[in-house]
Amino acid sequence: MSKHDFGYFFHEGLSNMFSHGFMSFAAIGITVACLLIMGTFTLVAVNADANLKQAERDNEILAFVDDSYTEAQAKALQKKLEAVDNVASVTFISREEAMQSFISEHPDEEYFQDLDPNILRDRFAIKVKELKLQSQTVELIKAIPGIGGINAYAELTNGFITVRNIATVICLTLIAVLFVVSMFIISNTIKLTTFDRRDEIAIMKMVGATNGFIRWPFVYEGFMLGLTGAILAFLLQWGLYEAIAQGVANNDTLQLLSIVPFQQLWKPVGGVFLGAGILIGVGGSLSAIRRFLQV
């Protein structure tokens with residue numbers, strides 16, 4: 001393809017794009033909406049997964065030893081705990097260590113400074129390999145003789161797992177549905193252009209113009225529609241993400257959530273938006289022009 005041909009195709013594609021202003025606007029708008037919805041649910045899934053992995057790193061099951069056990073008897077339980085399926089590590093914490101940790105966390109509370117360590121119990125801090133199996137692991141730990149109670153915060157971890165799974169399913173469903181919708185809208189936009197020029201296309205075919213020569217302006221039109229939609233969707237997604245991240249950071253109730261900085265995500269997000277936008281645009285244009293080349 002020569003520079004002259006490229007210039008001609010580009011000019012014709014741009015002209016086609018602006019000659020149907022409303023439909024072009026509709027095609028760009030639906031592409032933006034589709035990419036924005038897909039991107040939002042994908043980013044929700046990414047953040048839920050990141051929080052879940054962080055929870056896996058930070059999460060500890062506290063298994064309290066029965067009050068009747070001596071420290072030596074309590075320590076003897078460690079091997080039994082380490083043998084439980086899905087247990088990654090087990091750390092023994094004596095009454096005295098637990099009291100010192102409690103006091104260090106409340107340095108300004110004088111009332112806590114002179115507490116007797118015997119009011120606390122020896123315990124084990126247990127980390128699991130897979131958070132999704134935590135409930136089963138807790139039941140196995142409870143069954144060990146000498147374990148008198150457990151703190152596991154299962155509701156929080158199960159919440160992260162549920163959010164991630166739901167967001168992933170919705171994201172995959174929306175990608176399939178909205179991708180088809182976007183291609184349909186852009187295809188129909190370009191069909192209007194080709195319908196207006198059907199006589200011209202027929203004449204070009206009869207005088208020997210190749211399918212490629214006729215097709216390229218429409219491909220460029222679809223390319224520019226998809227590219228424009230992708231750029232606008234990316235900018236809107238960036239602004240929306242930053243606004244939500246700021247809202248979470250300023251909300252005391254949501255301090256447990258960790259939002260992945262957009263600076264770590266913009267390259268893959270931009271790449272996916274760009275690729276999807278161009279694929280939707282070019283795919284829609286190729287679908288639209290195919291019927292009119294059968295002369």
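**Notebook: rings, sheet and cores**

I looked up F262 to begin with and found this residue buried, with a relative accessible area of 1%. I keep in mind throughout that the model is predicted.

Next I checked the ring partner of F262: the centres of the W238 and F262 rings lie 5.5 Å apart with their planes at 25°, and since planes under 30 degrees apart count as stacked, I entered the pair as stacked. W238 itself I noted as partly exposed, at a relative accessible area of 36%. I then placed the two residues along the chain: W238 sits in helix α9 (residues 211-249), whereas F262 belongs to the loop between α9 and α10 (266-289), so the pair ties together parts that are 24 residues apart in sequence. Looking wider, I counted 5 aromatic pairs in the structure, and I saw that ring pairs link F234, W238, Y241 and F262 into a cluster.

I turned to the sheet, which I recorded as open, with 4 strands in the order β2-β3-β1-β4 and antiparallel pairing. β2 (87-93) and β4 (147-151) stand at the edges with a single partner strand each, so one side of each has no neighbour in the sheet. From one strand to the next I found that the twist averages 25°. For the pairing of β1 (residues 61-65) with β3 (residues 123-128), I noted 4 bridges between antiparallel strands, and I found F64 opposite R123 in β3.

I then went through the nonpolar cores. The largest has 21 residues, and I listed I61, L81, F124, I126, I141 and I147 as those that touch the most other members. I traced where this core comes from and found that β1, β2, β3 and α6 (134-142) each supply at least two of its residues. Another core, of 19 residues, lies apart from it, and I noted I28, L178, A230 and F234 among its members. Returning to I147, I looked for contacts other than those with neighbours within four places in sequence, and found A63, F64, L77, L81 and I141.

Last, I checked how far the prediction can be trusted. The mean pLDDT of the protein is 76, with 71% of its residues at 70 or more. I found the lowest confidence in helix α1 (residues 3-19), at a mean of 55, and the highest in helix α4 (residues 78-82), at 91. Over residues 112-117 pLDDT stays under 50, and I noted 12 contacts beyond four places in sequence for this stretch in the model. I add a caution for my own reading: where pLDDT is low, the predicted coordinates should not be read in detail.

Definitions and conventions. Residues are numbered from 1 along each chain as its sequence is written. This is a predicted model: local features need pLDDT of at least 70, side-chain atom pairs count only at pLDDT 80 or more; totals for chains, interfaces and linings use all residues. Side-chain values use heavy atoms; hydrogens and water are left out. pLDDT is the predictor's confidence in each residue, from 0 to 100. Contact means heavy atoms within 4.5 Å. Rings of Phe, Tyr and Trp (its six-membered ring) pair if their centres lie within 6.5 Å; planes under 30 degrees apart count as stacked, over 60 as edge-to-face and the rest as tilted. Buried means under 20% relative accessible area, exposed over 50%, partly exposed in between (1.4 Å probe, protein chains only). Two strands pair if DSSP finds at least two bridges between them. Axes are lines fitted to C-alpha atoms, for helices over the stretch in contact, and angles run from 0 to 180 degrees between N-to-C directions. A nonpolar core is a set of buried Ala, Val, Leu, Ile, Met, Phe, Trp, Tyr and Cys residues joined through side-chain atoms within 4.5 Å.
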